[in-house]
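Biologist: I would like a close look at a single part of this model, with the reasoning spelled out where it can be. Please take your time over the answer.

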Amino acid sequence: MNKQEYLGKLREALACLPDDEIEESAAFYAEMIDDRMADGMVEDEAVAQLDDPKAAARAIIADLPPVPRAAARTKRKSRALYWTLIILGSPLWLTLLLAGATVVLAGVIVIWSLIFVLWALAAGLLVGGPAGVVMCVWGLAWGQPAYAATELGAGLVCLGLGLFCLHGAMGASKALAEVSRQWVDRARALFVRRKTEMAGDAADAGSAVSLTKEAVHEF
């Protein structure tokens, strides 16, 4: 079996996947064949060392994220069954999806509202610091040192509390932004296979080829 025949059978076995996934997988295996040929193997020998196209397709589908993997397996069994389940189950999964999204959105809004309040409090207290200094100067100008000392003390307290609240608001904002990013990444992971995983697969394949060559030479 030559390279084109192998890739053609691989594409047929992956027909249940989207076209971009099929071409990405075919390009990955084509690169593996090219690497072996660059190391001195003939085309048929390089192809012979790969898994059977159907076995390779099963491995590719098994390595997909949960949602595309389930969809691909369902499509392989019956495309009509797949769409029937989608349509009949839509009242349930749409309701659950909307309920989950509503709960998450409400939680995010509440948390961000609390952080906004913290930012507003920090801003108010920080404004109170200079205001206390101004009132202190005003009190001294009118010959009221007790009043001036009180305003200066209040201004310094406001300034200290404002800096404390500002530090807390910045930390809370960064933490929530990081948590939000992790949620988005986890949601994407259900649907999208990351490029780093493909790179890891390529590295593993390269290591396997190297080990195979060493074993052949030792033999």
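In which kind of crossing, left-handed or right-handed, does α1 pass α2? Please also describe the side-chain contacts that join these two helices.

Modeller: Bear in mind throughout that this is a predicted model. In it, α1 passes α2 in a right-handed crossing. Two packed helices are described by the angle between their axes and the distance between the axes. Here the axes of α1 and α2 come within 10 Å and cross at roughly 150°; since angles over 145 degrees count as roughly antiparallel, α1 and α2 are therefore described as roughly antiparallel to each other.

The side-chain contacts can be taken next. Side chains of opposite charge can pair when their charged atoms come close, and a search of the whole structure finds 2 salt bridges. One of them is formed by D34 with K3, whose closest N and O atoms are 2.9 Å apart. This pair links distant parts of the chain, given that D34 belongs to helix α2 (residues 19-38) and K3 to helix α1 (residues 3-13), with their positions 31 residues apart in the count. As for how these two partners are covered, D34 counts as partly exposed at 36% relative accessibility, whereas K3, with a relative accessible area of 17%, is buried, because the cut-off for buried is under 20%.

A salt bridge is also found between the side chains of E23 and R11, with an N to O distance of 3.2 Å. Because E23 lies in helix α2 and R11 in helix α1, this pair ties together parts that are 12 residues apart in sequence. E23 has a relative accessibility of 41% and so counts as partly exposed, while R11, with a relative accessible area of 31%, is likewise partly exposed.

To place this part in its wider setting, one may turn to a nonpolar patch on the surface, formed by V133, V137, L152, L156, L159 and L163, which together have about 500 Å² of accessible area. The elements that give two or more residues to the patch are α6 (79-141) and α7 (145-189), and the largest share, 4 residues, comes from α7. Among the patch residues, L152 is found in helix α7 and is partly exposed, with a relative accessible area of 34%.

Returning to the part you asked about, the picture is of α1 and α2 in a roughly antiparallel arrangement, with D34 and K3 paired in a salt bridge and E23 and R11 paired in another.

How values were computed:
Residues numbered from 1 in each chain as written. Predicted model: local features only at pLDDT ≥ 70, side-chain atom pairs only at ≥ 80, totals over all residues. Heavy atoms only, no water. Salt bridge = Lys/Arg side-chain N within 4 Å of Asp/Glu carboxyl O. Buried < 20%, exposed > 50% of the residue type's maximum accessible area, 1.4 Å probe, protein only. Patch = residues over 30% accessible without salt bridge, like charges linked within 9 Å, V, L, I, M, F, W, Y side chains within 5 Å. Areas by Shrake-Rupley, 256 points an atom, 1.4 Å probe, with all protein chains shown as cover. Axes fitted to C-alpha atoms, helices over the stretch in contact; angles between N-to-C directions. Parallel < 35°, antiparallel > 145°, perpendicular 65-115°, else oblique. Left-handed = near helix turned anticlockwise from the far one by under 90°.
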